[in-house]
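User: I would like to go through the labels given to parts of this model and see what each one rests on. Please set each value against its cut-off.

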Amino acid sequence: MKKKLSAPVPKVTSTESAVPGKVNPKVPVVGIGASAGGLEAIEMFLKHVPVASGMAFVIVQHLDPARKGFMVELLQRVTPMPVVQVVDNTRIEADHVYVIPPNKDMSLLKGLLNLIDPVKPHGLRLPIDFFFRSLAEDLQQYSIGVILSGMGSDGTLGLRAIKEKGGGVFVQDPSSAKYDSMPRSAIDAGLADVVSTPEALPERIVAYVKFQPSPAKPAEPLEQKHLSGLEKVLLILRAHTRQDFSLYKKSTVYRRIERRMGVHQIENIASYIRLLQDNPHETELLFRELLIGVTSFFRDPESWDTLRSMAIPALLNSRPGGKTVRAWVAGCSTGEEAYSLAIVFKEALELLNPPGTWRLQIFATDLDKDAIERARQALYPPNIAADVSPERLHRYFIQEEQGWRISRDIREMVVFAPQNVIMDPPFTRIDILVCRNLMIYWEQELQNKLLPLFHYSLNPGGLLFLGSAETVGPYSTMFEPIFGKLRIFRKVEHGGSFDAFEFPSSYGSAVTGVQEKEELPQGSRRQVSNMKALADQLILQNFAPSAVLTNDKGDIIYISGRTGKYLEPAAGKANWNIFAMAREGLRYELDLLFGMSSAHQEPVTRKGVTIGSDGERVMVNLTVQRVEQPEALKDLVLVVFSMAEKPVLETRSDIGSANGPVDETGVARIDSLERELKQSRQEIQSVREDMQASQEELNSANEELQSANEELQSTNEELTTSKEELQSLNEELQTVNHELQSKVNELSHANNDMKNLLNSTDIATLFLDESLNIRRFTTRTASIIKLIASDTGRPITDIVTELAYPSLADDAREVLQTLVFREKQVPATDGRWFNVKIMPYRTQENRIDGLVITFTDISLAKRLEMRLRVDEERYVSAFAIAGAIVDTVDRDLRYTWFCDPQQLMIPQTAMGRRDDELGLRPYATELMQMKRSALDSGNEVCKELSIRVSDGKLLSYHVTSKPLRSPSGEPSGVLTVALPLMS
């Protein structure tokens, strides 16, 4: 069946590429998903891909949709393979690397890469999941998915699809990833076949592909040697897991085995069998592989919408309000379908008018205990947003750091439990039964057992919800489709006969009727089976002897036929023990035969036992046999009752007629002997009961001793475990101590760094606690406030300072109360000036834990400020003496500075305003025109201007406007000087 590849798979020829729609099955396609930190991992991966590997690599990465990508150029430097950016309808060729373009989703269909405009906004897209799902659908078991470094969980759902189809999953080791969220999500979901570094993954993939069967070779029936090996693998699995996969579809099981063989680079199944025998862990991995735990929320949305809007409302209308609706989700995996059912039920109630009052109880079961545990946690990765609408996420989920958690009201509707749907008893009185995409993995024989089981479990009119690829097959008389091809069925009350129905107990075929099943078609087979069952029932009721099946203590397990003549319930508390229910005269014989049967393999019979039944005395035959076959009934006891041929004589006259005349003395003698015999039997029975009681007491004492011994052994084991735990705890304490020591060193380094940083800034800094006690200070602070190292912990009010700032403590308390920083310029006694800034001290938890006070030396700035003031006063005095009027305006012609002591041209309120905003002045318009002209032309503008002052006198000025320029040379304003003209 396998095709051993001794050379690399050839590349696709130009002829193959040119034919539209033709798929080259020889090219394995490797989908690679990456996100943050993924470029480095992709480069390492491609560097180690062998030359002429025969594979194609499709890279899907999270890219900025608004920026041109340079991925092609970057990757081309590290690999000799051609690296191309995908365009729509790109045909895949071997030994090529394909890169997704920005702002596109990509899918694979018949060997062509198609680009799709994304529907969801940036930040909610899952391009890796989208491509991996299409890869799984197109290549089935030949799909290969690789997850490298990245944040989030994109890719996990896509890997589930690949895993479901039997493809290979390869994941970067999280310890080697720059961002390990994506690899860890895939590993935690149990999807990874191989976990390794990016440079080692290509070699593992090449080996995996080499040992995979060729997709170009048509599927063939399994050869006899493969079937033999398959049976041995299934036996190993059954011994290890106690689960029987013999009635799973053999092609599916063998394909999963081949996948595991490819992972381990094993060519024949005999070698893999040896691996399973030597490595129990591999057996467990294969078991997990066969469970095929793949599911998602609202799979086949159309079916779920129909269930919500039509099927469930119709079901509820046939049920009384206020009742509990029971549902069973068989094969629930990690719980997505169970929670989907709870959500659509809740939504269906809201559609009813008026809203319903029914309650839903869901029993969700699966064979995989790990999957059940994950379902109980009700926590799912962020990328479920691809399957769940934003409205449902908002209503029924709670967003957490790790993903989405099911809300409490939905979680409380579901009870999860491990169950083997074939081997374990079913749930009963069910209204909705969901079993989707489970039966497709089973042989028809197993399906034929499951569907009658579902019919038995459902209430009349109950709903059966199957997967899109499943059907009820020959059981269409038990279930009627109510929504066509959507696989939603309703139970038909009398749609089939259950005479041959069996509760599940094993996977083995029935011993009887094998020939009829092999020779007759399905319809005739069911008729023969039903006729046979009816005939058997008729014979048992009318001709077969009465019998009971008990355990070795006499407790009745099963009753066949009418046993009222021989057994009757004892008075008082119900007791189903055959010795308590035996009629008069039967108990002694039963007890005797029970004891004899344990020492004989053959049945033990006692004929002509006289018993009292309803006031009469009858003679019966009694047979007791220990059961050895079948295995399910082994060690039980079968008791058979039958009537004897001759009845016991009822009167003494009967005795006389049978044996000749009997006088009164003889009759009295017979009565006396009967009484003595009866008394003797009672005494013997009493002795036997005493012996049985003593035996039970001894057994009880023995069991107590065994229990005490087990408790002592358990105590010893607990002490051993406690010792190991103490040793482990000691090791943990040593580890914690080492970590604490490391943290202390780190804190010491951080403290030194902080101290040097604060000192290097040359800014005096003082740290106070909430009580204004000194916590820490820099060296520079000591030159302003008289501080020494021992002052730590003292109130700031007790310390002598050079600052003329008596309200320092009051301002500090105000900042603590208002949490608003305070800044003030304060002089020192030696002539220096400081800018004092008081701020709240905030911790990382945003808690106020004191104050930070900084003292910045602004002495030089203050001296320059004073010098500028002196110079300004000189200029103003000079302008006043000369009678000049000077002003500056910005680009909007608003005054930024002016000097007009007598306010002849410019009023005192002119700052920040324009000339046309200062009242009706006849010269305002001319002034603004001059300034605008100077600003626009960049040249000086001169003009003579006459102004009439308040006393009516007319003054003439020579006015000059000159543009002011910024350091860059651009005009930033205008300087205007008005000089008086001599009259």
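User: How is the packing of helix α7 and helix α9 described?

Analyst: In this predicted model, α7 (residues 201-210) packs against α9 (residues 250-263) at an angle of about 140°, and the two axes are 7 Å apart.

User: Why is α7 called oblique to α9?

Analyst: Angles over 145 degrees count as roughly antiparallel, and those of 65 to 115 as roughly perpendicular. The angle of about 140° falls in neither range, so α7 is oblique to α9. The crossing of α7 and α9 is right-handed.

User: Which residues make the contact between α7 and α9?

Analyst: R204, A207 and Y208 come from α7, while α9 supplies R259, G262 and V263. By class, that contact has three nonpolar, one polar and two charged residues. Glycine counts as polar and arginine as charged, which places G262 in the polar class and R204 and R259 in the charged class.

User: What makes α4 roughly parallel to α5?

Analyst: Helix α4 (residues 127-139) and helix α5 (residues 156-164) pack at an angle of about 10°, with axes 7 Å apart. Angles under 35 degrees count as roughly parallel, so α4 is roughly parallel to α5.

User: Which residues of α4 and α5 meet?

Analyst: On the α4 side they are D129, F132, R133, L135 and A136, and on the α5 side T156, L157, G158, L159, A161 and I162. The contact of α4 with α5 has seven nonpolar, two polar and two charged residues.

User: Why is C332 called buried?

Analyst: Buried means under 20% relative accessible area, and C332 has 1%, so C332 is buried. C332 is placed in the loop between β11 (324-330) and α13 (336-351).

User: What does C332 touch, leaving out residues up to four places away in sequence?

Analyst: C332 touches T295, A364, T365, D366, I372 and F416. The C-alpha atoms of C332 and L438 are separated by 9.5 Å, with the two positions 106 residues apart along the chain.

User: Are C435 and L446 buried or exposed?

Analyst: C435 has a relative accessible area of 0%, which is under 20%, so C435 is buried. L446 also has 0% and is therefore buried by that cut-off. L446 lies in helix α17 (residues 444-457). Its C-alpha atom is 8.3 Å from that of I422, a residue 24 positions apart along the chain.

User: How many disulfides does the structure hold?

Analyst: The structure holds zero disulfides. A disulfide needs a pair of cysteine sulfur atoms within 2.5 Å.

User: Why does R429 count as exposed?

Analyst: Exposed means over 50% relative accessible area, and R429 is at 52%, so R429 counts as exposed. R429 is found in the loop between β16 (414-418) and β17 (430-435). Its phi is near 55°, a positive value in a residue other than glycine.

User: What makes R487 partly exposed?

Analyst: The relative accessible area of R487 is 24%, which is neither under 20% nor over 50%, so R487 is partly exposed. R487 lies in the loop between β19 (479-481) and β20 (488-491). The phi of R487 is near 60°, again a positive value in a residue other than glycine.

User: How do you know that R775 is partly exposed?

Analyst: R775 has a relative accessible area of 31%, which lies between the 20% and 50% cut-offs, so R775 is partly exposed. R775 is found in strand β27 (residues 774-777).

User: With which residues is R775 in contact, leaving aside its neighbours within four places in sequence?

Analyst: R775 is in contact with F767, L768, D769, T792, Y841 and D849. R775 and G793 are 18 residues apart in sequence and 5.9 Å apart in space, C-alpha to C-alpha.

User: How many helices and strands are in the chain, and what percentage of its residues count as buried?

Analyst: There are 26 helices and 35 strands. Of the 983 residues, 41% count as buried.

User: What percentage of the contacts with a separation of 6 or more comes from residues 24 or more positions apart?

Analyst: Residues 24 or more positions apart account for 60% of those contacts in the chain.

Definitions and conventions
Residues numbered from 1 in each chain as written. Predicted model: local features only at pLDDT ≥ 70, side-chain atom pairs only at ≥ 80, totals over all residues. Heavy atoms only, no water. Axes fitted to C-alpha atoms, helices over the stretch in contact; angles between N-to-C directions. Helix = DSSP H or I, 4+ residues; strand = E, 2+ residues; numbered from the N terminus. Left-handed = near helix turned anticlockwise from the far one by under 90°. Contact = heavy atoms within 4.5 Å. Buried < 20%, exposed > 50% of the residue type's maximum accessible area, 1.4 Å probe, protein only.
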